[in-house]
Amino acid sequence: MPLALEKIDIVAKRMVLAVQDYSIFCWQSVANLFRTPKYWGDVLQQADLIGVGSVPIVVLTGFFTGGVLALQSAQSLAQFGAQAYTGRFVSLSMIRELAPVLTGLMVSGRNAGGMASELGSMQVTEQIDAMRALGTDPMKKLVTPRMLSTVVMLFLLTIISDTLGTAGGAFVSVFINNQNGTQYFTSAYQALAYADIAQGLTKPLFFGFIIATIGCFFGMRTTGGTQGVGRSTTQAVVVSSILIIFVDFLLSRAMLWIFSGF
Amino acid sequence: MAYSVQFAHEPASAHGSSEPVVVFEHVSIGFNDLKVLKDVSFQVGPGETRILLGPAGVGKSVLLKLVNGLLRPDSGRILLFGEDITHMTERELFPLRTRTGMVFQEGALFDSLAVRDNVGYQLMERHKPVDEVDRRVRDSLRFVELEHTYDLLPASLSGGMRRRVAIARAIIDQPDLILYDSPTGGLDPITSTTIIELVVKERDVLGTPSLLVTHRLQDAFTMVTHRFDQTQNKMVPLPHGQINAKTSFLVLHDGKLIFDGTTAELITSQDPFIKEFLA
Ligand SMILES: Nc1ncnc2c1ncn2[C@@H]1O[C@H](COP(=O)(O)OP(=O)(O)O)[C@@H](O)[C@H]1O
Ligand SMILES: [Mg+2]
């Protein structure tokens, strides 16, 4: 079937080219951190938009995820007489996995899509070209500030999520499962090792980078008018979500190797 | 008139020598399998206004974007202000681009910025003092007679007003070349005339060389048969039989430049496509 093969050939070629373009795009977004001019105003504005704007959803997801972890684990742990370890279970799960990934996914849905649609509409209305014509590099003005502020803000949002998740677990343990609050917090606190925290706080740096670069990359490549903007937005959310989960796996594996040697 | 003093500068020929502002030598460009421009060569001389005619989708916008390096040719050579930009990096192009004013098809104003910040964008990028930016933005807006839109957002402007703000943004730093991409596209005839009046005013008052793209013949003929009268502050017809000698034509058809010459040559052309286009 020469036709189908030809198609696969073309699709594969496009994918390889896109990955290559994306790598260059990422490299430039980082390299611009060390080049002038710098747009600190845009960094702050984006930090406000991405960071402060995402606090409510991060607070809610964090709290209820911690709560549901306590709810689900209490019964299983009780079977082994280990109910006292609820705090430990909740805080470890939150800090190592759930807070970074869930916060990443939430912010991805909200901001990767937002960036793709904003930059996409700028692209199709020639605003990006206008910016270049006026002597401004859109990579420096639009992409690097978004990348920097997403990385910093996702880091902080993950800490909020960690805290709220532990609090949510405490709330459920104390008020629904009638456990001892001091016991919960002691076990939650004692469980934390340097490796867990390092792992939990490294992940959001990568996820933030993925969210911003994928959102901007799909936005800047938008073609085909308003319809194209919708397409880029969806693609950005899907691709960044999948990448977050995939990279989470890689990072978890790498951290296990770094901290425990296997 | 206020702006004629503030904008006062020598006609563009004084900036460089008498060398052409734009030179295209055998330029070709395509996207994927689509060949858009094939072997296009022409020049824009100092003080000249060149009108590029052609049907929709023929590659007029593409040609304009090649001039200031927003797109790169597949082959051929492009010179801007005497410098070969064909293989320049984006970074090397920026200083040349800031000497060029570009008016995009739909205006391409930044949605998120007020008119003042749109028009003053270049100056703000160069960290000019706030009061200087304010003053020059007002001068530029006065030129297009839209001073009252200073604080407005682009979304609250009509299509015609947006084009005028785009013109104000393009001319604020006294460019050495202006590129107009279909400045009257999609506008009603009356609004179109006000835009063409501004283009003529730019040509006759400031004397900047320009390349203007249009698919509307009407606009082109208004430009060659009118001049801007500064004492009356409006566009007036030239005496019967006279045409503007500095304004000449290019015609693009099917990716090729099929005409490059004066108004008289255009009208008397025997090319079947041009005859039909003019009909
Ligand atoms: N960036 C691009 N990518 C792919 N095709 C393009 C691009 N820009 C323009 N084209 C194609 O080039 C042709 C000419 O476009 P354009 O210059 O916008 O025409 P017009 O003469 O109406 O301004 C069109 O077929 C258009 O689809
Ligand atoms: Mg066009």
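These questions and answers walk through a predicted model.

Q: Which protein atoms are the donors of the magnesium ion (ligand 2)?
A: Donors here are N, O and S atoms within 2.8 Å of the metal. The protein donors of ligand 2 lie 2.0 to 2.5 Å from it. They are B:Ser61 (OG) and B:Gln105 (OE1).

Q: How many residues apart are B:Ser61 and B:Gln105?
A: B:Ser61 belongs to helix H2 (residues 60-67) of chain B. B:Gln105 sits in the loop between strand S6 (100-103) and helix H4 (115-119) of chain B. The pair thus links distant parts of the chain, 44 residues apart.

Q: Is B:Ser61 buried, partly exposed or exposed?
A: Buried means under 20% relative accessible area, and exposed means over 50%. B:Ser61 has 21%, so it falls in between. Its fellow donor B:Gln105, with 30%, is in that class too. B:Ser61 is partly exposed.

Q: Which residues of the largest nonpolar core touch the most other members?
A: This core has 75 residues. Its largest share, nine residues, comes from helix H7 (residues 194-220) of chain A. The residues touching the most other members, however, are in chain B: B:Phe24, B:Leu37, B:Leu63 and B:Leu211.

Q: With which residues is B:Leu63 in contact, leaving aside its neighbours within four places in sequence?
A: Contact means heavy atoms within 4.5 Å. Among the partners are B:Phe24, B:Leu37 and B:Leu211, which are also named among the residues touching the most other core members. The full list is B:Phe24, B:Leu37, B:Val40, B:Phe42, B:Leu52, B:Leu211 and B:Leu252.

Q: How is the pair of A:Phe171 and A:Phe175 arranged: stacked, edge-to-face or tilted?
A: The ring centres are 5.1 Å apart, and the planes meet at 45 degrees. Planes under 30 degrees apart count as stacked and over 60 as edge-to-face, so 45 degrees fits neither. The pair is tilted.

Q: Where do A:Phe171 and A:Phe175 lie?
A: The two residues are four apart, about one turn of the helix. A:Phe171 is partly exposed at 41% relative accessibility, while A:Phe175 is exposed at 60%. Both lie in helix H5 (residues 138-176) of chain A.

Q: Which residues do ring pairs link into a cluster?
A: The structure holds 12 aromatic pairs over all chains. Ring pairs join four residues of chain A into a cluster. They are A:Tyr22, A:Phe25, A:Phe217 and A:Phe218.

Q: Over which ring does the charged end of B:Arg138 sit?
A: The charged end lies 3.8 Å from the ring centre. In another case, the charged end of B:Lys201 sits over the ring of B:Phe143, 4.5 Å from its centre. For B:Arg138 the ring is that of B:Tyr150.

Q: What does the UniProt annotation for residues 22-279 of chain B say?
A: The end C-alpha atoms of this span lie 30 Å apart. The span is 36% helix and 27% strand. The unreviewed UniProt entry gives it as "domain: ABC transporter".

Q: Is B:Ser210 buried or exposed?
A: B:Ser210 is found in strand S8 (residues 210-214) of chain B. Its contacts beyond four places in sequence include B:Val44, B:Glu48, B:Leu177 and B:Tyr180. Its relative accessible area is 4%, and the limit for buried is under 20%. Therefore B:Ser210 is buried.

Q: How much of residues 148-176 of chain A is helix?
A: UniProt (unreviewed entry) lists this span as a "transmembrane region". Its end C-alpha atoms lie 41 Å apart. Strand makes up 0% of the span, and helix 100%.

Q: Which two residues does a cis peptide bond join in chain A?
A: Omega of this bond is about -10 degrees. One partner lies in the loop between helix H1 (2-31) and helix H2 (40-79) of chain A. The residues are A:Thr36 and A:Pro37.

Q: What is phi of B:Phe81?
A: B:Phe81 sits in the loop between strand S4 (75-80) and strand S5 (83-84) of chain B. It counts as buried at 11% relative accessibility. Its phi is positive although the residue is not glycine. The value is near 50 degrees.

Note on methods
Residues numbered from 1 in each chain as written. Chains lettered and ligands numbered in written order. Predicted model: local features only at pLDDT ≥ 70, side-chain atom pairs only at ≥ 80, totals over all residues. Heavy atoms only, no water. Donors = N, O, S within 2.8 Å, 3.2 Å for Na, K, Ca; no water. Buried < 20%, exposed > 50% of the residue type's maximum accessible area, 1.4 Å probe, protein only. Core = buried A, V, L, I, M, F, W, Y, C linked by side-chain atoms within 4.5 Å. Phe/Tyr/Trp six-rings, centres within 6.5 Å; stacked < 30°, edge-to-face > 60°. Lys NZ or Arg CZ within 6 Å of the ring centre and 35° of its normal. UniProt positions renumbered as here; feature names shortened; annotations may be inferred.
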